[in-house]
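Q: I have a model open and want to learn to read it feature by feature. Can you walk me through it?

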Amino acid sequence: MSYVDEVLARVHEKNASEPEFLQAVDEVLDSLRPVIEANEEQFKKEALLERICEPERQFKFRVPWVDDKGQVQVNTGYRVQFNSAIGPYKGGLRLHPSVNLGIIKFLGFEQIFKNSLTGLPIGGGKGGSDFDPKGKSDREIMAFCQSFMTELCKYIGADTDVPAGDIGTGAREIGYMFGQYKRIRGLYEGVLTGKGLTYGGSLARTEATGYGLLYITEELMKDHGESMEGKTCVVSGAGNVAIYAIQKAHQMGAKCVTCSDSTGWIYDSEGIDVELLKEIKEVKRARLTEYAAARPSAEYHEGRGVWQIKCDIALPCATQNELHLEDAKQLVANGCKAVCEGANMPTTIEATEYLQKNNVWFIGGKAANAGGVATSALEMSQNSERLSWTFEEVDGKLKDIMVNIYHNIDDAAKRYGMEGNYVAGANIAGFEKVAEAMIAQGVC
Ligand code: NDP
């Protein structure tokens, strides 16, 4: 049995109840085979893969808070500090009822390689809670966030672990958490990113993941002799990533005709009206039915279905495992040229393989959505300098980072004879740097 297979068997045995984590480990280790095989003796002796698949540390804690009726509610909080070989742990906080340790571990594991790809000094971590922010009042959100931070603040810090937003954690939640951290620890430091602009946030952080996704997609198209101009895109999600992906795609001359949320989806033949979508999702926090009610060119459908729509480019920007094999078949049948993931692991392994076999250019989330965390790292730099850069400065650096990521993953794939396999390229390029740093730092 090869070293990779030995480790995979052990990881499966140890983490049998965590399917998302296993899916992420399978995908990464499988694509690293050529790199591991070239260094098998050394990596095995160093137990490098065993160490990389085991979080350095993980916290699970009680989050009690009082709702508007005076009833005490209890949620579970998590922080997984996965790997600090190349910098302080960095990764978002997800607030969603589906959150459990396996999901946080899958996200933290992916974050190691994504953060490495940005070229910036940040390690991998992730956290969150099974708290559902939907339908909660502002006061309830604050009560939850303060209680969550009361425990989390013991484990984080500007030079140790710097959380950020993710699903369900936006500027409002980060603000409440930052206030509580400051109050308990007595420190005004860049302990969280995604902060408001008046208290240490970075311009362009809000837009960064969506914009970054489009910068790398544009570079991919260019490398294949194409441009974004006139392309039809289908997008899933209607949150932070989806909104700014749509905005940047439109600025590049493409047309995004769909978006979705957890109850339904929109097809708008005229192209999604971003300002209207922002008003509904960012201000009113309402459902997509309101979008269709306000736009004669839009149809609302219950359930899922954006991948049925004919497109040149598909951009999944909602959540994990939202693009299945049958969706991939539909995309290929409709002539889709590229799939670039705004969300984390939105495409199942079978769907990814089908797309790749059918010559669809596929860039996975680790590379394609790295613009968010890269800009978070730029926020950390500004906080350390106690300076704020202009929007153009941050956006320019973001674009350079995404273009570099594209070329690094493309080169890594070519070096191992897998030209065009950007998933393997991303895993290899991300892994090489972390592996070198881990080996240099000895057994730890
Ligand atoms: P948001 O909470 O802002 O938006 C998420 C969107 O996806 C919403 O439209 C939501 O619908 C929908 N959604 C969530 N869960 C489900 C589900 N189970 N089924 C169908 N739709 C769902 O999150 P973000 O836009 O920030 O994040 C989206 C994805 O991008 C996640 O995978 C996240 O990890 C990833 N990501 C985000 C980054 C960032 O900077 N924000 C950085 C890198 C990756 P509804 O409102 O109805 O719940």
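Q: Let's start with a single residue. Where is the place of Glu-353?
A: Begin with the secondary-structure element, then turn to exposure. This is a predicted model. Glu-353 sits in helix H14.

Q: Is Glu-353 buried, partly exposed or exposed?
A: Read the relative accessible area against the cut-offs: buried is under 20%, exposed is over 50%, and partly exposed is in between. Glu-353 has 38% relative accessibility, so the residue counts as partly exposed.

Q: How far apart are Glu-353 and Val-72 in sequence and in space?
A: Take two separations, one along the chain and one from C-alpha to C-alpha. For Glu-353 and Val-72 these are 281 residues and 47 Å. Now try another pair. Met-345 and Gly-365 are separated by 20 residues in sequence, and their C-alpha atoms are 6.2 Å apart.

Q: Where does Met-345 lie, and what is its phi?
A: Check the element and the backbone angle together. Met-345 is in the loop between strand S12 (338–340) and H14. Its phi is positive, about 50 degrees, although Met-345 is not a glycine.

Q: Why does Met-345 count as buried?
A: Use the cut-off again: buried means under 20%. Met-345 counts as buried because its relative accessibility is 7%.

Q: Which value does phi of Asn-321 take, and where is this residue?
A: Follow the steps used for Met-345. Phi of Asn-321 is near 50 degrees, a positive value in a residue other than glycine. Asn-321 belongs to the loop between strand S11 (313–316) and helix H13 (325–333). Its relative accessible area is 25%, so Asn-321 is partly exposed.

Q: What does the side chain of Asn-83 reach?
A: Place the residue, check its exposure, then look for a polar partner. Asn-83 is in strand S2 (residues 72–83). With 4% relative accessibility, Asn-83 counts as buried. Its side chain reaches the backbone nitrogen of Ala-85 at 2.9 Å.

Q: Now the ligand. Which residues come nearest?
A: List the surrounding shell, then pick out the nearest members. Around the ligand there are 24 residues, and Asp-166, Thr-209, Ser-262, Arg-287 and Asn-344 come nearest. By class, the shell divides into six nonpolar, 12 polar and six charged residues.

Q: Which atoms lie opposite the ligand's oxygen atoms?
A: Separate side-chain partners from backbone partners. From the side chains, a polar atom of Ser-262 lies 2.4 Å from a ligand oxygen. An N or O atom in the side chain of Arg-287 is 2.8 Å from an oxygen atom of the ligand. From the backbone, an N or O atom of Gly-168 lies 3.3 Å from a ligand oxygen.

Q: How much of the ligand does the protein bury?
A: Compare the ligand alone with the ligand in place. Taken alone, the ligand exposes 890 Å², and the protein buries 82% of that. Helix H9 (205–223) and helix H10 (240–251) are the elements that give two or more residues to its shell.

Q: What lines the second largest pocket?
A: Ask for the volume, then the lining, then the elements behind it. This pocket holds about 460 Å³ of space. Its lining has 25 residues, with Glu-27, Ile-349, Thr-352, Gln-356 and Val-423 nearest the centre. The elements giving two or more residues to that lining are helix H2 (19–31), helix H14 (349–357), helix H15 (365–368) and helix H18 (422–440). By class, the lining has seven nonpolar, 10 polar and eight charged residues.

Terms used
Residues are numbered from 1 along each chain as its sequence is written. This is a predicted model: local features need pLDDT of at least 70, side-chain atom pairs count only at pLDDT 80 or more; totals for chains, interfaces and linings use all residues. Side-chain values use heavy atoms; hydrogens and water are left out. A residue is near a molecule or strand if one of its heavy atoms lies within 4 Å of it. A polar contact is a pair of N or O atoms within 3.5 Å; within protein, one must be able to donate a hydrogen and the other to accept it, and residues adjacent in sequence count only if both atoms are side-chain atoms. Accessible areas come from the Shrake-Rupley method with a 1.4 Å probe; for residues, only the protein chains shown count as cover. Helices (H or I, at least four residues) and strands (E, at least two) are DSSP runs, numbered from the N terminus. Ala, Val, Leu, Ile, Met, Phe, Trp, Tyr, Cys and Pro count as nonpolar, Asp, Glu, Lys and Arg as charged, and the others, Gly among them, as polar. On a 1 Å grid over the protein atoms alone, a cavity is a set of points where a 1.4 Å probe fits but cannot get out, and a pocket is an open set with protein on both sides within 12 Å along at least five of seven lines; lining residues have an atom within 4 Å of a point. Grid points are joined across faces, edges and corners, and a volume is the space filled by probe spheres set on the points. Buried means under 20% relative accessible area, exposed over 50%, partly exposed in between (1.4 Å probe, protein chains only).
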